[in-house]
Amino acid sequence: MATHIFSCSSILAKPTTKTIHYKSILFPTTTRPHGNKLVPSSSSGFAVGHSISTAATSVAVDGRTSFANPSKSLPFRVGHGFDLHRLEPGYPLIIGGINIPHERGCEAHSDGDVLLHCIVDAILGALGLPDIGQLFPDSDPKWKGAASSVFIKEAVRLMHEAGYEIGNLDATLILQRPKLSPHKEAIKTNLSELLGADPSVLNLKAKTHEKVDSLGENRSIAAHTVVLLMRK
């Protein structure tokens, strides 16, 4: 019986180079373009070659962070945000910019507004930008005790800068106490003003956690947000 020997070398996959789209880079770099490659630079992060034209980079302008928009124009973008904070005595409970009477509040570097924080992340995520922790790090003392409306306004500015507006927003708060029913309209009205969106496109739900884990034991509060951005 004849024996056949096959070589595997001819079927080995060859390295391929792909164009990477919508990569957000927090720190600008000054390295020269180098084809389709990520080129290490002296700053933290990488420089993106000139052929990756859709990459987003950041530039400080008048003390603010400005992001170059992806060159590919999409009719809409979807983003999801999540946030969770511990509830501790001695802190105010601020949700959606409204001070809610409660014996516990969110322990945080800023005002701990769990709803506004996750809305900011949803908008930034839809735009393909860095998250709230990168734009407003808790290691920066200037954000100590800051009102989260500051973060929302910056996210909205970046959204308009990219050419988008709120299509609709759906948020879910998870907390055992207090009941949010008496405060929902005030929260929605404030969100409408902060986002520049009609109240009819903003939806807010509240769920308990059936007394399970830290959420159900009233030791923490969480929020999820999904946002649809529409091109203007």
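**Exercise 1. Decide whether Arg 157 is buried or exposed, and find its salt-bridge partners.**

Arg 157 has a relative accessible area of 18%, and since buried means under 20%, Arg 157 counts as buried in this predicted model. The next step is to look at the side chain of Arg 157, which meets that of Glu 161 in a salt bridge with an N to O distance of 3.2 Å. This fits the rule that a side-chain nitrogen of Lys or Arg must lie within 4 Å of a carboxyl oxygen of Asp or Glu. Glu 161, at 35% relative accessibility, is partly exposed. Finally, the pair belongs to a network of salt bridges that links Glu 154, Arg 157 and Glu 161.

**Exercise 2. Describe helix α3, in which Arg 157 and Glu 161 both lie, and check its span.**

Begin with the positions: Arg 157 and Glu 161 are four residues apart in helix α3, which covers residues 149-161, and this spacing is about one turn of the helix. An α-helix has 3.6 residues a turn, so residues three or four places apart point the same way. Then check the span: with 1.5 Å a residue, the 13 residues of α3 should span 18 Å, and this agrees with the end C-alpha atoms, which are 18 Å apart. The buried residues of the helix include Phe 151, Ile 152, Val 156 and Leu 158, and Glu 154 is also among them. Just after α3 comes Gly 163, which takes a positive phi of about 90 degrees.

**Exercise 3. Work out which parts of the chain are tied together by the salt bridges of Asp 170 with Lys 205 and of Arg 177 with Glu 103.**

The side chains of Asp 170 and Lys 205 meet at 2.7 Å, N to O. Because Asp 170 lies in strand β10 and Lys 205 in strand β11 (residues 202-207), this pair ties together parts that are 35 residues apart in sequence. Asp 170 is partly exposed at 31% relative accessibility, and Lys 205 is partly exposed as well, at 25%.

For the second pair, the closest N and O atoms of Arg 177 and Glu 103 are 3.4 Å apart. Arg 177 lies in the loop between β10 (164-174) and α4 (184-195), while Glu 103 lies in the loop between β8 (98-100) and β9 (104-106), so the parts tied together are 74 residues apart in sequence. Arg 177 is partly exposed at 40%, and Glu 103 is partly exposed at 48%. By the same distance rule, the count comes to five salt bridges.

**Exercise 4. Set out the order of the strands in the open sheet, and say which helix packs on the sheet.**

Five strands form the open sheet in the order β9-β6-β12-β10-β11, with mixed pairing. The edge strands are β9 and β11, each of which pairs on one side only, and the twist averages 20 degrees from one strand to the next. Within the sheet, β10 pairs with β12 (residues 220-231) in the antiparallel sense over 10 bridges, and Ile 166 has Leu 229 in β12 as its bridge partner. Helix α1 (residues 114-127) packs on the sheet, where it touches β6 (76-89), β10, β11 and β12, and its direction makes about 155 degrees with that of β6.

**Exercise 5. List the residues that Ala 206 touches, leaving out those up to four places away in sequence.**

Ala 206 lies in strand β11 and is partly exposed at 31% relative accessibility. With the sequence neighbours left out, Ala 206 touches Leu 173, Leu 180 and Lys 184.

Notes:
Residues are numbered from 1 along each chain as its sequence is written. This is a predicted model: local features need pLDDT of at least 70, side-chain atom pairs count only at pLDDT 80 or more; totals for chains, interfaces and linings use all residues. Side-chain values use heavy atoms; hydrogens and water are left out. Helices (H or I, at least four residues) and strands (E, at least two) are DSSP runs, numbered from the N terminus. Buried means under 20% relative accessible area, exposed over 50%, partly exposed in between (1.4 Å probe, protein chains only). Contact means heavy atoms within 4.5 Å. The expected span of a helix is 1.5 Å times one less than its number of residues. Two strands pair if DSSP finds at least two bridges between them. Axes are lines fitted to C-alpha atoms, for helices over the stretch in contact, and angles run from 0 to 180 degrees between N-to-C directions.
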